[in-house]
Amino acid sequence: RLETLRVGDRHARGVVVPYSGLRTGVLLVATACLALAMVGFVVFADAFADDPGESPWPVRLIGVVGVVFFGVGGFLVARRGWGRRWLVLLTPSAVVVAVGRARTVVPWEVIERVRATEVTTYARGVRISEPLVGIDVSDPRAIQTGPLERLLMPLNRRLAADITLPVRTLDIDPPLLHAALCYYHQHPQARAELVTQEGLARVQHGQFASTPPARQ
(Lines give C-alpha, C1' and ligand atoms only; values in the text may rest on other atoms or scores of the structure.)
Protein backbone atom coordinates (compact mmCIF):
# COMPACT_ATOMS: atom_id res chain seq x y z
CA ARG A 1 0.00 0.00 0.00
CA LEU A 2 0.92 3.67 -0.25
CA GLU A 3 1.45 5.29 3.11
CA THR A 4 2.79 8.46 4.71
CA LEU A 5 5.10 7.88 7.67
CA ARG A 6 6.48 10.36 10.16
CA VAL A 7 10.29 10.35 10.08
CA GLY A 8 11.79 12.77 12.59
CA ASP A 9 10.36 16.23 11.99
CA ARG A 10 9.00 15.48 8.52
CA HIS A 11 6.71 13.07 6.68
CA ALA A 12 7.81 10.57 4.04
CA ARG A 13 5.45 8.94 1.54
CA GLY A 14 6.04 5.81 -0.48
CA VAL A 15 5.28 2.14 -0.97
CA VAL A 16 5.03 0.11 2.25
CA VAL A 17 6.37 -3.43 2.50
CA PRO A 18 4.82 -4.72 5.75
CA TYR A 19 5.86 -7.31 8.30
CA SER A 20 3.41 -9.78 9.83
CA GLY A 21 2.58 -9.20 13.48
CA LEU A 22 1.44 -12.83 13.82
CA ARG A 23 4.66 -14.28 12.39
CA THR A 24 6.76 -11.97 14.54
CA GLY A 25 4.75 -13.03 17.59
CA VAL A 26 5.43 -16.70 16.84
CA LEU A 27 9.13 -15.89 16.44
CA LEU A 28 9.08 -14.05 19.77
CA VAL A 29 7.57 -17.08 21.52
CA ALA A 30 10.27 -19.31 19.99
CA THR A 31 12.94 -16.85 21.14
CA ALA A 32 11.53 -16.88 24.68
CA CYS A 33 11.64 -20.70 24.69
CA LEU A 34 15.29 -20.63 23.61
CA ALA A 35 16.07 -18.13 26.38
CA LEU A 36 14.45 -20.47 28.93
CA ALA A 37 16.43 -23.39 27.52
CA MET A 38 19.63 -21.38 28.04
CA VAL A 39 18.58 -20.78 31.66
CA GLY A 40 18.48 -24.58 31.98
CA PHE A 41 22.09 -24.71 30.77
CA VAL A 42 23.06 -22.32 33.58
CA VAL A 43 21.07 -23.97 36.37
CA PHE A 44 21.61 -27.63 35.43
CA ALA A 45 25.10 -27.39 33.93
CA ASP A 46 26.26 -30.48 35.84
CA ALA A 47 23.71 -32.65 34.03
CA PHE A 48 25.25 -31.77 30.64
CA ALA A 49 28.76 -32.83 31.57
CA ASP A 50 29.99 -35.96 29.76
CA ASP A 51 32.13 -37.10 32.72
CA PRO A 52 31.25 -36.80 36.43
CA GLY A 53 34.45 -34.86 37.16
CA GLU A 54 34.18 -32.50 34.19
CA SER A 55 33.86 -28.80 34.97
CA PRO A 56 30.34 -27.43 34.35
CA TRP A 57 31.59 -23.91 33.62
CA PRO A 58 31.91 -24.20 29.80
CA VAL A 59 28.26 -25.29 29.60
CA ARG A 60 27.29 -22.61 32.10
CA LEU A 61 29.10 -19.96 30.04
CA ILE A 62 27.23 -21.05 26.90
CA GLY A 63 24.00 -20.73 28.86
CA VAL A 64 24.82 -17.22 30.06
CA VAL A 65 25.67 -16.06 26.53
CA GLY A 66 22.45 -17.64 25.23
CA VAL A 67 20.32 -16.01 27.94
CA VAL A 68 21.79 -12.60 27.11
CA PHE A 69 21.46 -13.09 23.33
CA PHE A 70 17.94 -14.53 23.21
CA GLY A 71 16.67 -12.70 26.30
CA VAL A 72 17.78 -9.23 25.20
CA GLY A 73 16.76 -9.93 21.60
CA GLY A 74 13.30 -11.08 22.64
CA PHE A 75 12.88 -8.10 24.96
CA LEU A 76 13.75 -5.64 22.17
CA VAL A 77 11.31 -7.32 19.78
CA ALA A 78 8.50 -7.23 22.38
CA ARG A 79 9.30 -3.63 23.33
CA ARG A 80 9.07 -2.52 19.70
CA GLY A 81 5.57 -3.71 19.06
CA TRP A 82 5.73 -7.43 18.18
CA GLY A 83 6.10 -6.54 14.51
CA ARG A 84 2.74 -4.79 14.29
CA ARG A 85 4.34 -1.51 13.16
CA TRP A 86 7.36 -3.01 11.46
CA LEU A 87 7.72 -2.08 7.81
CA VAL A 88 10.03 -1.05 5.01
CA LEU A 89 9.00 2.18 3.25
CA LEU A 90 10.36 2.76 -0.25
CA THR A 91 10.39 6.49 -0.99
CA PRO A 92 11.90 8.47 -3.89
CA SER A 93 14.77 9.65 -1.69
CA ALA A 94 15.46 6.80 0.73
CA VAL A 95 14.66 3.38 2.13
CA VAL A 96 13.06 3.78 5.56
CA VAL A 97 13.09 0.84 7.98
CA ALA A 98 10.54 1.28 10.78
CA VAL A 99 10.70 -1.01 13.82
CA GLY A 100 8.04 0.25 16.18
CA ARG A 101 8.93 3.88 16.82
CA ALA A 102 12.56 3.43 15.73
CA ARG A 103 13.48 4.69 12.26
CA THR A 104 16.47 3.94 10.05
CA VAL A 105 16.72 6.10 6.93
CA VAL A 106 19.08 4.93 4.17
CA PRO A 107 19.42 7.40 1.25
CA TRP A 108 19.46 5.67 -2.12
CA GLU A 109 22.63 7.58 -3.05
CA VAL A 110 24.76 5.83 -0.40
CA ILE A 111 23.57 2.30 -1.23
CA GLU A 112 26.37 0.37 -2.92
CA ARG A 113 24.75 -3.04 -3.19
CA VAL A 114 21.59 -4.96 -2.30
CA ARG A 115 22.03 -8.70 -1.83
CA ALA A 116 20.49 -11.80 -0.35
CA THR A 117 22.55 -12.98 2.61
CA GLU A 118 22.25 -14.93 5.84
CA VAL A 119 23.71 -15.32 9.31
CA THR A 120 24.68 -18.90 10.13
CA THR A 121 25.31 -20.27 13.62
CA TYR A 122 25.95 -23.76 14.94
CA ALA A 123 24.37 -25.11 18.13
CA ARG A 124 25.70 -28.49 19.25
CA GLY A 125 26.46 -29.43 15.65
CA VAL A 126 23.14 -28.19 14.24
CA ARG A 127 23.35 -25.53 11.51
CA ILE A 128 20.94 -22.61 12.05
CA SER A 129 20.59 -20.04 9.26
CA GLU A 130 18.70 -16.76 9.33
CA PRO A 131 17.99 -15.41 5.79
CA LEU A 132 18.28 -11.66 5.34
CA VAL A 133 18.26 -8.95 2.72
CA GLY A 134 21.50 -7.03 3.13
CA ILE A 135 22.22 -3.43 2.14
CA ASP A 136 25.86 -2.31 1.84
CA VAL A 137 26.44 1.45 2.04
CA SER A 138 29.33 3.70 1.06
CA ASP A 139 29.03 6.06 4.03
CA PRO A 140 27.42 4.76 7.26
CA ARG A 141 27.44 8.31 8.64
CA ALA A 142 24.85 9.31 6.03
CA ILE A 143 22.35 6.88 7.57
CA GLN A 144 19.85 8.32 10.03
CA THR A 145 19.22 5.77 12.78
CA GLY A 146 18.93 5.24 16.53
CA PRO A 147 21.81 4.94 19.04
CA LEU A 148 21.42 1.16 19.46
CA GLU A 149 21.23 0.51 15.72
CA ARG A 150 24.35 2.63 15.10
CA LEU A 151 26.19 0.82 17.88
CA LEU A 152 25.36 -2.54 16.30
CA MET A 153 26.19 -1.49 12.73
CA PRO A 154 29.88 -2.59 12.82
CA LEU A 155 28.77 -6.00 14.11
CA ASN A 156 26.13 -6.23 11.37
CA ARG A 157 28.80 -5.47 8.75
CA ARG A 158 31.02 -8.28 10.04
CA LEU A 159 28.16 -10.78 10.17
CA ALA A 160 26.21 -9.90 7.01
CA ALA A 161 25.79 -6.28 5.80
CA ASP A 162 25.57 -2.70 7.07
CA ILE A 163 21.76 -2.83 7.09
CA THR A 164 20.03 -6.18 7.43
CA LEU A 165 16.33 -6.80 6.86
CA PRO A 166 14.89 -10.03 8.31
CA VAL A 167 12.65 -11.81 5.81
CA ARG A 168 11.06 -14.72 7.73
CA THR A 169 8.34 -12.48 9.14
CA LEU A 170 7.62 -10.40 6.01
CA ASP A 171 3.97 -10.20 4.99
CA ILE A 172 4.96 -10.58 1.31
CA ASP A 173 7.11 -13.01 -0.65
CA PRO A 174 10.73 -12.14 0.42
CA PRO A 175 12.19 -12.20 -3.14
CA LEU A 176 9.75 -9.41 -4.00
CA LEU A 177 11.37 -7.06 -1.48
CA HIS A 178 14.84 -8.00 -2.74
CA ALA A 179 13.80 -7.40 -6.36
CA ALA A 180 12.17 -4.04 -5.54
CA LEU A 181 15.26 -2.78 -3.71
CA CYS A 182 17.54 -3.91 -6.54
CA TYR A 183 15.33 -2.33 -9.21
CA TYR A 184 15.06 1.11 -7.64
CA HIS A 185 18.72 1.09 -6.66
CA GLN A 186 19.72 0.41 -10.28
CA HIS A 187 17.11 2.74 -11.86
CA PRO A 188 17.22 6.15 -10.11
CA GLN A 189 14.91 7.65 -12.76
CA ALA A 190 12.12 5.30 -11.64
CA ARG A 191 12.12 6.29 -7.96
CA ALA A 192 9.71 9.19 -8.43
CA GLU A 193 6.92 6.70 -9.15
CA LEU A 194 7.13 5.33 -5.59
CA VAL A 195 4.57 7.94 -4.49
CA THR A 196 2.12 6.94 -7.23
CA GLN A 197 -0.21 4.08 -8.03
CA GLU A 198 2.16 3.08 -10.85
CA GLY A 199 4.94 2.43 -8.37
CA LEU A 200 2.60 0.55 -6.06
CA ALA A 201 1.42 -1.66 -8.95
CA ARG A 202 5.01 -2.37 -10.02
CA VAL A 203 5.96 -3.59 -6.54
CA GLN A 204 2.71 -5.51 -6.00
CA HIS A 205 3.03 -7.44 -9.26
CA GLY A 206 6.82 -7.71 -9.37
CA GLN A 207 7.09 -5.86 -12.70
CA PHE A 208 10.80 -5.20 -12.49
CA ALA A 209 11.83 -6.37 -15.96
CA SER A 210 10.09 -3.51 -17.77
CA THR A 211 11.86 -0.35 -18.90
CA PRO A 212 11.77 2.38 -16.23
CA PRO A 213 10.00 5.64 -17.06
CA ALA A 214 12.08 8.41 -18.63
CA ARG A 215 13.21 11.24 -16.42
CA GLN A 216 10.95 14.27 -16.73
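The paragraphs below lead through a predicted model of a protein, from its overall make-up to its sheet, its nonpolar cores and a group of aromatic rings.

The protein has 5 helices and 8 strands, and, when these are read along the sequence, they follow the pattern β-β-α-α-β-β-β-β-β-α-β-α-α. Of its 216 residues, 41% count as buried, while the surface that the protein exposes comes to about 12400 Å², with carbon and sulfur atoms supplying 61% of it. If one takes the contacts between residues at least 6 apart in sequence, 59% of them join residues that are at least 24 apart.

A good place to begin is the sheet. Five strands, in the order 1-2-3-4-5, make up an open sheet with antiparallel pairing. Strand 1 (2-7) and strand 5 (102-107) stand at its edges, and because each has a single partner strand, one side of each is left without a neighbour in the sheet. From one strand to the next, the twist averages 35 degrees.

Within this sheet, strand 3 can be followed residue by residue. On one side, 4 bridges join strand 2 to strand 3, the two running antiparallel, and across this pairing Val17 stands opposite Val88 of strand 3, while Val16 stands opposite Leu89 of strand 3. Strand 3 is also joined to strand 4, by 5 bridges and again in the antiparallel sense, and here Trp86 stands opposite Val99 in strand 4. The connection between strand 3 and strand 4 is a hairpin that passes through 3 residues.

Are the residues of strand 3 buried or exposed, and which way do they point? Strand 3 is mostly covered, with 5 of its 5 residues buried; Trp86, Val88 and Leu90 point one way from the strand, whereas Leu87 and Leu89 point the other way. Two of these residues appear again in the cores described below, Val88 in the largest one and Leu87 in another.

Moving on along the sheet, strand 4 and strand 5 pair in the antiparallel sense over 6 bridges, and one of the facing pairs consists of Val96 and its bridge partner in strand 5, Val105. The hairpin of strand 4 and strand 5 has 2 residues between the strands, and in this hairpin Gly100 takes a positive phi near 65 degrees.

The next step is to look at the nonpolar cores. The largest nonpolar core has 35 residues, of which Val88, Val95, Val106, Leu165, Leu181 and Tyr184 touch the most other members. The elements that give two or more residues to this core are strand 2 (10-18), strand 3 (86-90), strand 4 (94-99), strand 6 (111-123), strand 7 (126-137), strand 8 (163-166), helix 4 (174-186) and helix 5 (197-205). Among these, helix 4 supplies the largest share, 7 residues.

What does Leu181 touch, once residues up to four places away in sequence are set aside? Its contacts are Leu90, Val95, Trp108, Val114, Val133, Ile135 and Leu165. Apart from the largest core lies another core, of 10 residues, and this one includes Leu87, Ala94, Val96 and Val105. Val96 and Val105, already met as bridge partners, are thus both listed among its members.

The last stop is the aromatic rings, of which the structure holds 3 pairs. In one of them, Tyr183 and Tyr184 are arranged edge-to-face, with 5.1 Å from centre to centre and 90 degrees between the planes. Tyr183 is buried, with a relative accessible area of 2%, and Tyr184, at 0% relative accessibility, counts as buried too. Tyr183 also pairs with Phe208: their ring centres are 5.5 Å apart and their planes stand at 45 degrees, so this pair is tilted.

Why does the pair of Tyr183 and Phe208 tie together parts that are 25 residues apart in sequence? The reason is that Tyr183 lies in helix 4, whereas Phe208 lies in the segment after helix 5. Phe208 has a relative accessibility of 16%, and because buried means under 20%, Phe208 counts as buried. Taken together, Tyr183, Tyr184 and Phe208 form one aromatic cluster, and through Tyr184 this cluster also has a part in the largest nonpolar core, where Tyr184 is one of the residues that touch the most other members.

Methods
Residues numbered from 1 in each chain as written. Predicted model: local features only at pLDDT ≥ 70, side-chain atom pairs only at ≥ 80, totals over all residues. Heavy atoms only, no water. Core = buried A, V, L, I, M, F, W, Y, C linked by side-chain atoms within 4.5 Å. Buried < 20%, exposed > 50% of the residue type's maximum accessible area, 1.4 Å probe, protein only. Contact = heavy atoms within 4.5 Å. Areas by Shrake-Rupley, 256 points an atom, 1.4 Å probe, with all protein chains shown as cover. Phe/Tyr/Trp six-rings, centres within 6.5 Å; stacked < 30°, edge-to-face > 60°. Pairing = 2+ DSSP bridges. Axes fitted to C-alpha atoms, helices over the stretch in contact; angles between N-to-C directions.
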